[in-house]
Amino acid sequence: MAKVNWGIIGCGNIAHTFAKSIAYCANAQLIGAASTSEQRANEFATHYSIKGYESYQALMRCPNIDAIYIANTHEQHFKAIAQCLTHNKHVLSEKPITVNAQQLITLQELAQQQNRFLMEGVWMRFLPAIVKLQQLLCEGAIGKVHSINANFSLAGEFDSSHRLMNPATAGGALLDLGIYPISIADVVFNKAPEQIKSLVHKSSTGVDERNVPLINYGQGQFAQLSSALQQNGPTQACILGEHGFIRIDEFVGAQSLDLHLNAQQVQRFDFSFNDDENFKFEIDHVTECILQQQTQSSVLPLSTSFRVMNIMDNLRAQWQLKYSDSVESNKLN
C-alpha cells in the first residue's frame, strides 16, 4: 500500500496534535520534524520515534519526505510554505495559511508552478459532524437558512509577549480564533459576503482582543460572529432556518450536532472520536489527494481559503490593524 511520508516544521502544541493523529492514518506516516531549536526538534523526534533535523532547510532537503505540515507561528507560514514548495514538497499549513490574501495568491502561483499540493489546515471542515451538517443543509432539513451565530473564545490571561498578543507574530483573536466562526459561516453559505460590519476591542499591544463581525451574505442571510482572547464563552454555532435550527456545541472540534424542527423531538447525530484523532480526518483527506496526484483539495480549495482571508483582511482594515511590513510582505526573496 502506497504511503505518504510526512515531516513537521515547528514542534509546539499543534505539532503534537498532528503527530498523535497521523498514527491513526493508514496511508500516512510521520518520519521527521524540525524546529528553530535543534534540541527541541530532537526531543520531539525522540517522543515519536522519528528523525529530528537541525534546521527547517535540512528537513526540506530530505528526499524521503513527501509532504510537510507547517506548525510554526502565523508570521512564519508564508516563507516556510514557499521554501517547502521550492523544495518540491507538498504542503499542509496550519491556519491561517498566510497573514493576508496577497500572500496566499503568491503561494498559489508558486504551488501551480511546482505542481505541488497546497492546502490550509482548517481541521474542523473535515470532521464527520461538519460533513453531516452540509448534508442536512443540502437536503433542506431546516428550509432556507436565515442566519448563523457562532463564537469562539479563549479564557485565561496572556502576557503581552505571548504570541497571541504580539503583533510581531501576527497575534490577535481574529487570525487564531476568529477564522473558525468565519469558516463555519462559509461552510453554511458557501459564497462571498456582500457586506461586512464589525466591532473590535484592542489589547494594549494593538492586536484585536475581542471582535464581533456582522456579515451580510445577501438574500436576507446573515452571520453574527465573535471571537475573543481572555474571555469566557461557549464555543457554539447555531444555524437558524425557516423550519428549524441546528446547534453544534464545541463546533471547532465538533463530535455531534442537534437538529431542532419546530415541535418535533430533537434529533442528535453523534460522531465521537478520541482526542488523539483530532486531525485524522484532515490528514487522511490530504494524503489521499497527494496519492491521487491532485494539487488542491475539493473540500477546501485555495479559492475557499482566499474567500475567508478576504473577510479577515476586510476586518483588519476596518480596525486599522496592520502588522509590520515584513510580516505582511508577499515577496518571496
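How many salt bridges does a search of the whole structure find? The search finds 12. The model shown here is predicted. The close-ups below take up some of its salt bridges, helices and strands.

**View 1. Lysine 95 and aspartate 176 meet in a salt bridge.** The N to O distance between these side chains is 3.9 Å. Lysine 95 sits in the loop between β5 (90-94) and α5 (101-114). Aspartate 176 belongs to helix α7 (residues 173-189). The pair therefore ties together parts that are 81 residues apart in sequence. Are the two partners buried or exposed? Both lysine 95 and aspartate 176 are buried.

**View 2. Arginine 125 forms a salt bridge with aspartate 186.** Their closest N and O atoms are 2.9 Å apart. Find arginine 125 in the loop between β6 (118-121) and α6 (128-138). Aspartate 186 is in helix α7. These two residues tie together parts that are 61 residues apart in sequence. Arginine 125 and aspartate 186 are both buried.

**View 3. A salt bridge joins arginine 316 and glutamate 328.** Here the closest N and O atoms are 2.7 Å apart. Arginine 316 lies in helix α9, and glutamate 328 lies in helix α10 (residues 325-328), so the pair ties together parts that are 12 residues apart in sequence. Why does arginine 316 count as buried? Its relative accessibility is 6%, and buried means under 20%. Glutamate 328 is buried too, with a relative accessible area of 14%.

Elsewhere, salt bridges that share partners form a network. Its members are Arg247, Asp249, Asp258 and Arg268.

**View 4. Asparagine 310 is a partly exposed residue of helix α9.** The helix spans residues 302-319. Asparagine 310 has a relative accessible area of 33%. That value falls between the cut-offs of 20% for buried and 50% for exposed, so the residue counts as partly exposed. Now look across to aspartate 284. The two residues are 26 residues apart along the chain. Their C-alpha atoms are separated by 28 Å.

**View 5. Helix α4 is largely enclosed by the rest of the structure.** Why can we say so of α4? Of the 10 residues of this helix (residues 77-86), 7 are buried. They are His77, Phe78, Ala80, Ile81, Ala82, Cys84 and Leu85. What do these buried residues pack against? Their neighbours are β1 (4-9), α3 (56-61), β4 (67-70), β5, α5 and β6. Just after α4 comes asparagine 88, with a positive phi of about 65°.

**View 6. Helix α2 has its buried residues on the same side.** Which residues of α2 (residues 38-48) are buried? They are Ala41, Phe44, Ala45 and Tyr48. These residues cover an arc of only 100° around the axis, which puts them on the same side of the helix. The face turned away from that buried side carries Gln39, Thr46 and His47, which are exposed. What covers the buried residues of α2 includes β1, α1 (13-22), β2 (28-34) and β3 (51-53). Just after the helix, serine 49 takes a positive phi of about 55°.

**View 7. Strand β13 is covered on both faces.** The strand runs over residues 256-260, and 5 of its 5 residues are buried. In a regular strand, side chains alternate between the two faces of the sheet. In β13, one side holds Ser256, Asp258 and His260. The other side holds Leu257 and Leu259.

**View 8. Strand β13 pairs with β12 and with β14.** Strand β12 (residues 245-249) pairs with β13 in the antiparallel sense, over 3 bridges. In this pairing, isoleucine 246 stands opposite leucine 259 of β13. The hairpin of β12 and β13 has 6 residues between the strands. Within this hairpin, glutamate 250 takes a positive phi near 50°.

Strand β14 (residues 267-270) also pairs with β13 in the antiparallel sense, over 4 bridges. Which residue in β14 is the bridge partner of leucine 259? Glutamine 267 is that partner. The hairpin of β13 and β14 has 6 residues between the strands. In this one, asparagine 262 takes a positive phi near 45°.

Terms used. Residues numbered from 1 in each chain as written. Predicted model: local features only at pLDDT ≥ 70, side-chain atom pairs only at ≥ 80, totals over all residues. Heavy atoms only, no water. Buried < 20%, exposed > 50% of the residue type's maximum accessible area, 1.4 Å probe, protein only. Salt bridge = Lys/Arg side-chain N within 4 Å of Asp/Glu carboxyl O. Contact = heavy atoms within 4.5 Å. Arc of directions from axis to C-beta. Pairing = 2+ DSSP bridges.
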